[in-house]
Amino acid sequence: MQRSFLAQNPSVLWFISILALFTVGVTVLSEATGIGLVSTSFVKTLGKTLCLCLVAIAMDVVWGYCGILSLGHFAFFGIGGYAIGMWLMYARTERIVIESLATQPLPPTPAEIADAIGNQIFGVVGSSEFPWIWAFADNLALQLLMVVTVPGLLALIFGWLAFRSRVTGVYLSILTQAMTLALALYLFQNDSGLRGNNGLSGLQNIPGYEDVPQATISIVFFIASAIALGAGYAFFAWIVSGKMGSVIKGIRENEARVRFLGYHVESYKLFIFTITAIVAGIAGALYYPQAGIINPGEIAPIASIYLAVWVAIGGRGRLYGAVIGAAFVSLLSSWFTGGGAPNINLGFYVIQWTDWWLVLLGLSFVAVTLFFPKGIGGLFDLLVRKQS
């Protein structure tokens, strides 16, 4: 008798249950409900952490299960953020412009409104013309479609070119990193159409909800991030537990043997690469309205390297390991770089964690690689086996 999906994957039910309890607890204790034990800024931090956990799961599927060390998945995360950020910035600026022009004796024409919006958005880079990529910025539905289609198409085209040429291993990792670097360098230019180094800002102000307190908006995004994480976990658990999961694990272990058995390896790799890029884009679209700003630095190759470090520390090849690694490192990073960790005075030198956090992260990665290759998730597995 064939067992159900949840019977085969008990971790899914456990994960969703814990996530639901955590979400309800934070919501009840937040400032939005009036209790205020969890501040609005920390709710935003937790919401952003959930988004990072989602992109870490995507990274774990493409690397930990399929064996493709992509050093470019955070680029898809950033593209999703830019896609929703364009609508947020356009719609907010449009409301401001219309309200300011309403005081004039004569009503403004659509052309005057468009020029004023362009000046407000692109004046910082010495322009007032809307680039072609902003053609649908006034339409929320189309920009939401861009959140999934742009990362998906980029991953599809890049993956098709790379996988059909049978580029593997470190060479593929270098190619993904080169793609990310090229995208970041392009976005840094003022004529890229996305305000260059200035990026998109004020994304935390949701058009039409200016009177709604940030405490309420932060909770809404926090809950949306939790729902996306739970759905993403269940979706990828379904993918890696069935026949496809067996094939992609086989590709990770011995690609030539899987090809010899008659499977079209390139199609499987292209599907995994593309679908994880789409999920990364969705995670980015939820993350940046909570962060409030996005700039090309978010897409720099170092961000994708951090993503790989999170998965390695949490334990690749385990979906919950990716979540543990991303949550652990993200919250610890916020604590160290946000001034929560006290400086250590050695007498001859003062260790300031804002400067030394990355060194600590690098040493942690080396230690995990050498002594705990299965990461924190592997330690969790060991404890469960001992208790059973």
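Q: At roughly what angle do the axes of H3 and helix H8 (residues 214-241) cross?
A: This is a predicted model, in which local features need pLDDT of at least 70 and side-chain atom pairs pLDDT 80 or more, while totals for chains, interfaces and linings use all residues. Residues are numbered from 1 along each chain as its sequence is written, and side-chain values use heavy atoms, without hydrogens and water. The axes, lines fitted to C-alpha atoms with angles running from 0 to 180 degrees between N-to-C directions, come within 8 Å for H3 and H8 and cross at roughly 15°.

Q: Are H3 and H8 roughly parallel or antiparallel to each other?
A: H3 passes H8 in a left-handed crossing (near helix turned anticlockwise from the far one by less than a right angle; clockwise is right-handed). The angle between their axes is roughly 15°. Angles under 35 degrees count as roughly parallel, over 145 as roughly antiparallel, 65 to 115 as roughly perpendicular and the rest as oblique; H3 and H8 are therefore roughly parallel.

Q: How many charged residues does the contact of H3 with H8 have?
A: Ala, Val, Leu, Ile, Met, Phe, Trp, Tyr, Cys and Pro count as nonpolar, Asp, Glu, Lys and Arg as charged, and the others as polar. On this basis the contact of H3 with H8 has 19 nonpolar and 6 polar residues, and the number of charged residues is 1.

Q: How is H6 oriented relative to H11, roughly parallel or antiparallel?
A: The axes of H6 and helix H11 (residues 265-291) come within 8 Å and cross at roughly 150°. That angle makes H6, relative to H11, roughly antiparallel.

Q: How many charged residues are in the contact of H6 with H11?
A: Among the residues making this contact are Arg164 of H6 and Glu266 and Lys269 of H11. By class, the contact of H6 with H11 has 14 nonpolar and 4 polar residues, and its charged residues number 3.

Q: How far apart are the axes of helix H4 (residues 73-101) and helix H6 (residues 140-164)?
A: H4 and H6 cross in a right-handed manner. They pack at an angle of about 160°, and their axes are apart by 9 Å.

Q: Which helix gives the most to the largest nonpolar core?
A: The largest nonpolar core has 111 residues, and Phe236 is one of those with the most contacts inside it. Phe236 touches residues including Ile57, Ala58 and Val61 (heavy atoms within 4.5 Å), not counting residues up to four places away in sequence. With 16 residues, the helix that gives the most to this core is H3 (residues 40-65).

Technical notes. Helix = DSSP H or I, 4+ residues; strand = E, 2+ residues; numbered from the N terminus. Core = buried A, V, L, I, M, F, W, Y, C linked by side-chain atoms within 4.5 Å. Buried < 20%, exposed > 50% of the residue type's maximum accessible area, 1.4 Å probe, protein only.
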